[in-house]
Amino acid sequence: MEQVIVGKIVNTHGIKGELKVKTSTDFIEERFAKGAHLYIDENGVKKEMIVKSHRFHKGHVLVCFEGYQDINLVEKYKGCLLYADKDVELLDEGEYYVGDLIGCEVYNQGELIGKVKDIQLYEHHDLLVVEGKQKIMIPYVDAFVEAEDIENKRIDVHLIEGFYDED
């Protein structure tokens, strides 16, 4: 089954095995619910974990996994990404996962300028990392993005003068 990133473990919290997670999902309650299955990517190897509990603390989620209630067992996971199985039933009609943008061709006023290679997630808005003749970062906001056709892997943008060197 395809998986999606739901967060990054940024630190431990306390001595009872809680991990501090910077989330990147709109479905925190579903993804971090007791009994939910998450996968920690430790150096390219994904380890399945079962959520024992979660709570919110200073803008982060603190999660504890079954069988890992000791700081010594979880310290090695700092910096690791957390994944969950992709569940399209969580999405409303017309919604999609951010990862579905990767590979989309990006057109500026009808001209192909490259493909989305990555998405950088920020609190206020995300950035599309587009690679073609040059690498550019496009704010993923209505002011720049005119249309999206995710099924056909196409995004149309309107970039302001000087944002992109057409030569």
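Two strands are said to pair when DSSP finds at least two bridges between them. In this predicted model, strand β3 (residues 37–42) and strand β4 (residues 45–57) meet that condition, pairing in the antiparallel sense over 6 bridges.

**Overall architecture**

The chain holds 2 helices and 12 strands, which follow one another along the sequence in the pattern β-β-α-β-β-β-α-β-β-β-β-β-β-β. Taken along the principal axes, the C-alpha atoms occupy a box of roughly 55 × 30 × 30 Å. Of the 167 residues, 37% count as buried, and among contacts between residues at least 6 apart in sequence, 49% join residues at least 24 apart.

**Strand pairing**

Within the pairing of β3 and β4, isoleucine 40 stands opposite lysine 47 in β4. The hairpin formed by these strands has 2 residues between them, and asparagine 43 takes a positive phi near 55° there. Strand β3 is also joined to β6, in an antiparallel arrangement with 3 bridges, and here tyrosine 39 stands opposite tyrosine 83 in β6.

Further along the chain, β7 and β8 run antiparallel and are joined by 4 bridges, with glutamate 105 placed opposite lysine 115 in β8. Their hairpin likewise has 2 residues between the strands, and in this hairpin glutamine 109 takes a positive phi near 50°. Strand β8 pairs in addition with strand β9 (residues 127–132), in the antiparallel sense and over 6 bridges, and isoleucine 119 stands opposite leucine 128 in β9. The bridge counts are set out below.

| Strand pair | Sense | Bridges |
|---|---|---|
| β3 and β4 | antiparallel | 6 bridges |
| β3 and β6 | antiparallel | 3 bridges |
| β7 and β8 | antiparallel | 4 bridges |
| β8 and β9 | antiparallel | 6 bridges |

**The largest pocket**

The largest pocket encloses about 1,200 Å³ of space and is lined by 35 residues, among which Ile5, Ser24, Thr25, Val98 and Leu121 lie nearest its centre. Strands β1 (3–13), β2 (18–23), β6 (81–85) and β8 (111–120) each contribute at least two residues to the lining, and the largest share, 7 residues, comes from β1. By residue class, the lining divides into 16 nonpolar, 7 polar and 12 charged residues.

**Two buried aspartates**

Aspartate 156 lies in strand β12 (residues 154–157), and its relative accessibility of 18% falls under the 20% limit, so this residue counts as buried. The side chain of aspartate 156 is joined to that of arginine 154 by a polar contact of 3.0 Å. When residues up to four places away in sequence are set aside, aspartate 156 touches Tyr107, Phe144, Val145, Glu146 and Ala147.

Aspartate 100, by contrast with a strand position, is found in the loop between β6 and β7 (105–108). Aspartate 100 too has a relative accessibility of 18%, and therefore counts as buried by the limit of under 20%. Its side chain makes a polar contact of 2.7 Å with the side chain of lysine 86. Lysine 86 also appears among the residues that aspartate 100 touches, which, not counting residues up to four places away in sequence, are Lys86, Ile150 and Lys153.

Terms used
Residues numbered from 1 in each chain as written. Predicted model: local features only at pLDDT ≥ 70, side-chain atom pairs only at ≥ 80, totals over all residues. Heavy atoms only, no water. 1 Å grid on protein atoms, 1.4 Å probe; cavity = no way out; pocket = protein on both sides within 12 Å on 5 of 7 lines; lining within 4 Å. Points joined across faces, edges and corners; volume = space filled by probe spheres on them. Nonpolar A, V, L, I, M, F, W, Y, C, P; charged D, E, K, R; others polar. Buried < 20%, exposed > 50% of the residue type's maximum accessible area, 1.4 Å probe, protein only. Polar contact = N/O pair within 3.5 Å; in protein donor to acceptor, adjacent residues only side chain to side chain. Contact = heavy atoms within 4.5 Å.
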